[in-house]
Amino acid sequence: MKLRPYQIDAVDSIGGTSSNVIIKMPTGSGKTLVAFEFCLRRLAKNHRPAGKHNKAALFLVPTKDLVSQQASAAQRWLGGTYNVEQYCGGLRCPRAGFDILVSTP
């Protein structure tokens, strides 16, 4: 899977910020891939060796069903390089050590 030019532009425009970011794009335009690519770039830039504290990304989704779906999609996009965990009602909260947490609010 490959980003479209407007998605690359979106990632590039937020890539240098250290602030929180909200992405507003139409349905079906690939916001999820933009978010995953942003996470990938940020994690690659800030990743530390195992055992050291890493910054993590919180990826919120509105329903429990989407938690596992988006966690799987994140893992595919990240190529297995980073640890993606899931959390929602009924699941035990994962311990530290994940790079991305996909969760319901």
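How are H1 and H2 oriented to each other? In this predicted model, helix H1 (residues 5-14) packs against H2 at an angle of about 45°, and their axes lie 9 Å apart. An angle that is not under 35 degrees, not over 145 and not from 65 to 115 counts as oblique; H1 and H2 are therefore oblique to each other. Their crossing is right-handed. On the H1 side, the contact is made by Gln-7, Ile-8, Ala-10, Val-11, Asp-12 and Ile-14. H2 contributes Leu-33, Val-34, Glu-37, Phe-38, Arg-41 and Arg-42 to this contact. By class, the residues of the contact of H1 with H2 comprise seven nonpolar, one polar and four charged.

H2 also packs against H3, here at an angle of about 55° and with the axes 10 Å apart. H2 and H3 are therefore oblique to each other as well, and the crossing of H2 and H3 is right-handed. From H2, the residues in the contact are Thr-32, Leu-33, Phe-36, Glu-37 and Leu-40. Their partners on H3 are Gln-70, Ala-73, Ala-74, Trp-77 and Leu-78. The contact of H2 with H3 divides into seven nonpolar residues, two polar and one charged. Leu-33 and Glu-37 of H2 thus appear in the contact with H1 and in the contact with H3.

The second largest pocket encloses about 290 Å³ of space. Its lining consists of 17 residues, and those that lie nearest the centre are Met-1, Gly-30, Thr-32, Leu-33 and Ala-73. Helix H2 (31-46) and helix H3 (64-78) are the elements that give two or more residues to this lining. The largest share, five residues, comes from H3. By class, the lining of the second largest pocket has six nonpolar, seven polar and four charged residues.

Several residues nearest the pocket centre also take part in helix packing. Thr-32, Leu-33 and Ala-73 are among the residues nearest the centre of the second largest pocket, and Thr-32 and Leu-33 of H2 and Ala-73 of H3 belong to the contact between these helices. Leu-33 is also one of the H2 residues in the contact with H1.

How values were computed:
Residues numbered from 1 in each chain as written. Predicted model: local features only at pLDDT ≥ 70, side-chain atom pairs only at ≥ 80, totals over all residues. Heavy atoms only, no water. 1 Å grid on protein atoms, 1.4 Å probe; cavity = no way out; pocket = protein on both sides within 12 Å on 5 of 7 lines; lining within 4 Å. Points joined across faces, edges and corners; volume = space filled by probe spheres on them. Helix = DSSP H or I, 4+ residues; strand = E, 2+ residues; numbered from the N terminus. Nonpolar A, V, L, I, M, F, W, Y, C, P; charged D, E, K, R; others polar. Axes fitted to C-alpha atoms, helices over the stretch in contact; angles between N-to-C directions. Left-handed = near helix turned anticlockwise from the far one by under 90°. Contact = heavy atoms within 4.5 Å.
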